[in-house]
Structures are given as C-alpha cells and as structure tokens.
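Visitor: I would like to go through this model one question at a time. Please show it first.

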Amino acid sequence: MRRFHDGDSVEELTFLLHRAYADHAAAGRVFFASYQSPQDTRHRLSKGECWVATKGDELVGTVTVSAPHTTPTGYPAPEGAGSFWQLAVDPSQRGSGLGHRLLTLAEARIATLGSSHAHRHFRGGG
C-alpha cells in the first residue's frame, strides 16, 4: 500500500470505485462512489490522504482519510474525530483481507494525524 500520487490516474481510481460499488448499486444501495465522476474523485482526494493498494500496476484497493475532519453542525461524530471514505476493494480481491488491511491503515493514519476517534464518512452512502 502506498499514497496516491500525482502520476496516478484519477480516472483509474474512479473506475476502481465504480467496480467496487457496482454490486451495491445493482441491489438498490446507491453509494456516491458507484457513479461519481473523475472530477468528483479529484475533489474528494483533495480533502484528505488517499492510499491505494496495487497488484502489479493495477489499482485494487483504496481508502481516503482525514484527521481531524471537519463535520457539519449536528453531524453524528465526536469533535475532532478523524474520518475515512472511498474505502473500496476491487471485486477480484474480495475475501483476500485487503479491505481489513485498508481499514486498519485508515485507523492507524487517523491516530497518527492526531484523532482518537474514527468515523466513516457517508455521502449518499459512500
């Protein structure tokens, strides 16, 4: 796993998100990650640290973290909590433990960045 960097493709990351959330969308649980545009992905990346998992040259997983994360008034998260979003695993990697490793990484980064609580950020679900 490594940080997403300028040489990485936002379009490829967006396609990974679409693949990862396609089953949810087909079942009527439409998360933003299932249909967001590359411009939306770029905007969401600008709000935190994006981490990716690769297999060879292919992106197979991702998570974006921020700590502390500013939430709107009334949002159900403790003051100063960190947040993560765009947690996604390519369908070909399901059952490999990659999602757990990405979640563990997100929690560790949130703690390193100074927050003692992690909160999953939902925007229309994803």
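Visitor: How much area does the chain expose, and what share of it do carbon and sulfur atoms supply?
Guide: Accessible areas here come from the Shrake-Rupley method with a 1.4 Å probe, and for residues only the protein chains shown count as cover. This is a predicted model, in which local features need pLDDT of at least 70 and side-chain atom pairs count only at pLDDT 80 or more, while totals for chains, interfaces and linings use all residues. Residues are numbered from 1 along each chain as its sequence is written, and side-chain values use heavy atoms, with hydrogens and water left out. The chain exposes about 6,700 Å², and the share from carbon and sulfur atoms is 53%.

Visitor: What percentage of the residues is buried?
Guide: Buried means under 20% relative accessible area, exposed over 50%, and partly exposed in between (1.4 Å probe, protein chains only). Of the 126 residues in the chain, the buried part is 41%.

Visitor: In what pattern do the helices and strands follow one another along the sequence?
Guide: Helices (H or I, at least four residues) and strands (E, at least two) are DSSP runs, numbered from the N terminus. The chain has three helices and five strands. Read along the sequence, their pattern is β-α-α-β-β-β-α-β.

Visitor: Where on helix H2 do its buried residues lie?
Guide: H2 covers residues 38-45, and its buried residues are Thr41, Arg44 and Leu45. The arc is taken from the directions from the helix axis to the C-beta atoms. Seen down the axis of H2, the buried residues fall within an arc of 100°, so they line one face of the helix.

Visitor: Which elements do the buried residues of H2 pack against?
Guide: Contact means heavy atoms within 4.5 Å. By that criterion, the buried residues of H2 pack against helix H1 (10-26) and strands S2 (49-55), S3 (58-66) and S4 (82-89).

Visitor: How many bridges join S3 to S2, and how many join S3 to S4?
Guide: Two strands pair if DSSP finds at least two bridges between them. Eight of the nine residues of S3 are buried, so S3 is largely enclosed by the rest of the structure. Its pairing with S2 is antiparallel, with seven bridges. Its pairing with S4 is also antiparallel, and the number of bridges is five.

Visitor: Which residue of S4 is the bridge partner of Gly61?
Guide: Gly61 in S3 stands opposite Ala53, a residue of strand S2. In S4, the bridge partner of Gly61 is Val89.

Visitor: How far apart are the C-alpha atoms of Ala53 and Met1?
Guide: At 4% relative accessibility, Ala53 counts as buried. Leaving aside neighbours within four places in sequence, Ala53 is in contact with Met1, Glu58, Leu59, Val60, Gly61 and Leu98. Ala53 and Met1 are 52 residues apart along the chain, and their C-alpha atoms are separated by 4.4 Å.

Visitor: Which element gives the most residues to the largest nonpolar core?
Guide: A nonpolar core is a set of buried Ala, Val, Leu, Ile, Met, Phe, Trp, Tyr and Cys residues joined through side-chain atoms within 4.5 Å. The largest one has 13 residues, of which Val63, Val65, Phe84 and Leu98 touch the most other members. The elements giving two or more residues to this core are S2, S3, S4 and helix H3 (98-112). With five residues, the element that gives the most is H3.

Visitor: What is the angle between the planes of Tyr21 and Phe31?
Guide: Rings of Phe, Tyr and Trp (its six-membered ring) pair if their centres lie within 6.5 Å; planes under 30 degrees apart count as stacked, over 60 as edge-to-face and the rest as tilted. The structure holds two aromatic pairs. Tyr21 and Phe31 form one that is tilted, 5.3 Å centre to centre, with the planes at 55°.

Visitor: And what class of aromatic pair do Phe32 and Tyr35 form?
Guide: At 6% relative accessibility, Phe32 counts as buried. Phe32 and Tyr35 are 5.2 Å apart centre to centre, and with 85° between the planes their pair is edge-to-face.
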